[in-house]
Each structure stands twice: as structure tokens, then as C-alpha cells.
Amino acid sequence: DYAYAIEVTADDEVRLIWVTDAFERISGYRPSELPSADDWLHMIVEEDRPKVQAWIAASQLGEEHTHDYRLRAKDGELHWLRNYSRPIQDKTSDGTVLICGAVQDITGQKVGESQQAKLLLEISRQREELRALNRRLADVQEMERQHLVRELHDQIGQNLTAIALSLNLIKGQIEGEETTNAGSSKNDMVVERLNDTISLVRETT
């Protein structure tokens, strides 16, 4: 982390007054290597430069400001920084504002947040895959159940049909031998029950 003081002129020119040594440790640059505001701006990731421009505009209005931005160090390493600043002096006659600020290196925090976001996204993806798998499993189980029921009904129907045919043959043989009315009536009842069962099985398939 480091502290600094800058001047911002009326035409938004930024001049460094002083900066603590930690700036060089984070950025890899000595202040003397960055003589102009453009040199400082060049270190900031392009997508974050509008934040810096908004900070300068707010400072010109005498407002305190806090913003996060990414800085590309001299060795290419990317740092997340959080800038806190406030004007400490009213505009001079030429419109220049003196600003003091502190910069905190929040790279570790941002990396942690990014990893957490990726982890949550992966958990969400896996949950959705699990829900899809459960739905697919339920569909397969229902298909298997319906297939098993159809096979069971078919088998039962075939068995009952065979039994009915056999009983009819037996009935014919018995009737040919002049069985009693009671025996014939019972056979008729059995055949009738079997025929009813066959009809019921067919209706449920």
C-alpha cells in the first residue's frame, strides 16, 4: 500500500507531488520513469481508465472519491488497487486542486472473490446436471415400468388364454362323457371367470 499527493490543473493535467516507496514495490516503476500523466495512465488497464478520468473530474469538484482499478506492473503482473482520495486544498486562482490519497493493493481479495465466483458457478452447473440426471433417471424408470407392465400383461393374457383353451377342451371331453349338471356348471363358471380375467387384462394394456 502507498500514499501520494498530486495536483490537478484546470485542464485536467495531473502532476505528482510525492509518493511513498511502496509504489515502486507494487508497480516496479520509479516515479522518475513516469514523468507525465499519460505515462501513469498507460499502466492502468484500458477498461479501467474511465474510472480514473471520473476520479479526476470528481476531484476537480472538490469531492472525495474511491474506486478500484487494475494496474499492469513493469514485470507484466496485474494488480488490483483501491484508491481513496480527497482534495485537501481549495482551487487556487488558476484552478489547480491539491489532492492526497492512499492506494491499497487488493489483489488477494479480488483473486479470492473470482475463485469463489467460479466455485459457485461450478456448483450451480453441477446441481443443474444432477437435476437433469434425476429427471432422466425418472423418465427411464417410468419407461422401464411401463415396458415391464406391458410384458407382464401380455404374458398373463397368453397364460390365461392357454388355460381357457385347455378348460374348454376338458369341458368338451367331460360333456361328451355325460357329466352331471353340477360338474358341468362348475366348469362353465371357471371358464367364464377366466374369460372375464382375460378381458380385464386386455383392457388394462
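This short talk describes the fold of one protein chain, its sheet and its main pocket.

Good morning. The structure before you is a predicted model. I shall begin with the chain as a whole. Its secondary structure comes to 5 helices and 5 strands. Read from the N terminus, the elements follow the order β-β-α-α-α-β-β-β-α-α. The chain has 205 residues, and buried residues make up 26% of them. Among contacts with a separation of 6 or more, 50% join residues that are 24 or more positions apart.

Let us turn to the sheet. As general background, the strands of a sheet pair through backbone hydrogen bonds, and the pairing may be parallel or antiparallel. In what order do the strands of this open sheet lie? The order is β2-β1-β5-β4-β3, and the pairing is antiparallel. At the edges are β2 and β3, each of which pairs on one side only. From one strand to the next, the twist averages 30°.

One pair may serve as an example. β1 and β5, the latter covering residues 97–105, are joined in the antiparallel sense over 7 bridges. Within this pairing you may look for Tyr2, whose bridge partner in β5 is Val103.

A helix also belongs in this picture. α3 lies across β1, β2, β3, β4 and β5, and it runs at about 145° to β3.

In β3 itself, please find His67. Is this residue buried or exposed? His67 counts as buried because its relative accessibility is 7%, and the cut-off for buried is under 20%. Setting aside neighbours within four places in sequence, His67 is in contact with Lys51, Val52, Trp55, Leu81, Arg82 and Asn83.

I come now to the largest pocket. In general, rolling a probe the size of a water molecule over the atoms shows where empty space is left. The volume of the largest pocket here is about 510 Å³. Its lining is formed by 27 residues, and those nearest the centre are Val14, Ala37, Trp40, Leu41 and Trp55. Two or more lining residues come from each of β1, β2, α2, α3 and β3. Which element gives the most to this lining? That element is α2, with 5 residues. Sorted by class, the lining has 20 nonpolar, 4 polar and 3 charged residues.

To close, I would ask you to keep two features in view: the open sheet of 5 strands, and the largest pocket with its lining of 27 residues. Thank you for your attention.

Methods. Residues are numbered from 1 along each chain as its sequence is written. This is a predicted model: local features need pLDDT of at least 70, side-chain atom pairs count only at pLDDT 80 or more; totals for chains, interfaces and linings use all residues. Side-chain values use heavy atoms; hydrogens and water are left out. On a 1 Å grid over the protein atoms alone, a cavity is a set of points where a 1.4 Å probe fits but cannot get out, and a pocket is an open set with protein on both sides within 12 Å along at least five of seven lines; lining residues have an atom within 4 Å of a point. Grid points are joined across faces, edges and corners, and a volume is the space filled by probe spheres set on the points. Helices (H or I, at least four residues) and strands (E, at least two) are DSSP runs, numbered from the N terminus. Ala, Val, Leu, Ile, Met, Phe, Trp, Tyr, Cys and Pro count as nonpolar, Asp, Glu, Lys and Arg as charged, and the others, Gly among them, as polar. Two strands pair if DSSP finds at least two bridges between them. Axes are lines fitted to C-alpha atoms, for helices over the stretch in contact, and angles run from 0 to 180 degrees between N-to-C directions. Contact means heavy atoms within 4.5 Å. Buried means under 20% relative accessible area, exposed over 50%, partly exposed in between (1.4 Å probe, protein chains only).
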